[in-house]
Amino acid sequence: MPGQIVLDPRDRTTTGRWIPPGPIPPSLRQFGQFPNTHAWHPGDLLLFSALIPSRMSRAIIRGQERGGYAPEDARWHHAAVYLGDGITICEASIGGVHCVPVYRYVETHLLRIRRDETLSPDKRWLIAMNALTRLGSRYALERIFSLARQARQGYWRRGNTLPLLGMRAVICSELCNDSYSLVTGRLLVAAASGTVKPADLSMTPQLVDVETSWLRI
Amino acid sequence: MPDIEQHEGKILRINNAGLGIIEDERSQQQFVFTFDKIQNYRGEEARQLGLTVGTYVRFSATADCQVTTVEILPKNPHAVRISRE
């Protein structure tokens, strides 16, 4: 299996210039780099791994490691869908499903872009649109707790399904996975518990990593 | 026309976007379906259909795992068979 293609904020190599489309956070301007989103397509999966993880991110990483994932997959603790406009992603975070500029992650997180190369442009747009249909859905914090409990038994065990908690709620990796499945009718990952985790999205061979680089602001 | 196979399994996960995941009872293979594949579906929510995690379904799928129809079973069909024996 090929190695992961990761965009690291500590890497100061740039391949061109990015002109912001409007105001950007001063800290980002000071950081001086922005991902080359020209290489990204709508519906692409974005995986994030914080250089200094928060308590919750650490808990997800630890849970994924304890549950049986390799450290290089377990380190991805957050996922989002790229919407195709150069800056915006759709994500499920503690405040629910919302659209945000990717700005907030570029200085502080390792970034990985993954894609199903077999999909047509129309299907890619549909994945982005399907993610948007979940806007405003609640974040399924209770599912995170259930996943933490399952991690102790190991995610590889079958018959370890989650109770029907928060069908209207969603976690970040499910938002990405379900948007893909609604369009393609295929599973990205056959997780034993039925719940897809960021580490599953890191592992799935149905997606390939996209080459991407930094641009100078 | 692709080959279509009949399966039985139970719901592993559903969401309110109209998506469900089924685990085949025999092979333990997972299949994804959208609610429009449910027989006589008219836009109901999962709750109105009585569809929850663990609900038994009979479904047909193509060789490349595309689910074509889903029928919600009233209860565990295996439990019925056992009780009749």
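Biologist: In which helix of chain A does A:Leu141 lie?
Modeller: This is a predicted model, in which local features need pLDDT of at least 70 and side-chain atom pairs count only at pLDDT 80 or more, while totals for chains, interfaces and linings use all residues. Residues are numbered from 1 along each chain as its sequence is written, chains are lettered from A and ligands numbered from 1 in the order in which they are written, and side-chain values use heavy atoms, with hydrogens and water left out. Helices are DSSP runs of H or I with at least four residues and strands are runs of E with at least two, both numbered from the N terminus. The helix that holds A:Leu141 spans residues 141-153 of chain A and is H6.

Biologist: What is the area of the nonpolar surface patch that A:Leu141 helps to make?
Modeller: A:Leu141 counts as partly exposed because its relative accessibility is 30%, where buried means under 20%, exposed over 50% and partly exposed in between (1.4 Å probe, protein chains only). A patch takes residues with over 30% relative accessible area and no salt bridge, joining nonpolar side chains (Val, Leu, Ile, Met, Phe, Trp, Tyr) within 5 Å and like charges within 9 Å. Together with A:Met56, A:Ile94 and A:Phe145, A:Leu141 makes a patch of about 370 Å².

Biologist: Which residue makes a polar contact with the side chain of A:Arg112?
Modeller: A:Arg112 is found in strand S7 (residues 109-115) of chain A, and it counts as buried because its relative accessibility is 1%. A polar contact is a pair of N or O atoms within 3.5 Å, where within protein one must be able to donate a hydrogen and the other to accept it, and residues adjacent in sequence count only if both atoms are side-chain atoms. At 2.8 Å, the side chain of A:Arg112 meets in this way the side chain of A:Asp209.

Biologist: Which helix gives the largest share of the largest nonpolar core?
Modeller: A nonpolar core is a set of buried Ala, Val, Leu, Ile, Met, Phe, Trp, Tyr and Cys residues joined through side-chain atoms within 4.5 Å. The largest one has 36 residues, and among those with the most contacts inside it are A:Leu45 and A:Leu175. Strands S3, S4 and S5 and helices H5, H6, H7 and H8 of chain A each supply at least two of its residues. The largest share, five residues, comes from H7(A).

Biologist: How many residues apart in sequence are the parts that A:Asp44 and A:Arg115 tie together?
Modeller: These two form a salt bridge, with the closest N and O atoms 2.8 Å apart, a salt bridge being a side-chain nitrogen of Lys or Arg within 4 Å of a carboxyl oxygen of Asp or Glu. Since A:Asp44 lies in the loop between S2 and S3 and A:Arg115 in strand S7 of chain A, the separation of the parts, in residues, is 71.

Biologist: Which residue of chain B meets A:Glu174 in a salt bridge?
Modeller: The side chain of A:Glu174 meets its partner at 3.6 Å, N to O. The pair crosses between chains, from helix H7 of chain A to strand S1 (residues 4-15) of chain B. Both residues of the pair are buried, and the partner in chain B is B:Arg13.

Note on methods:
Accessible areas come from the Shrake-Rupley method with a 1.4 Å probe; for residues, only the protein chains shown count as cover.
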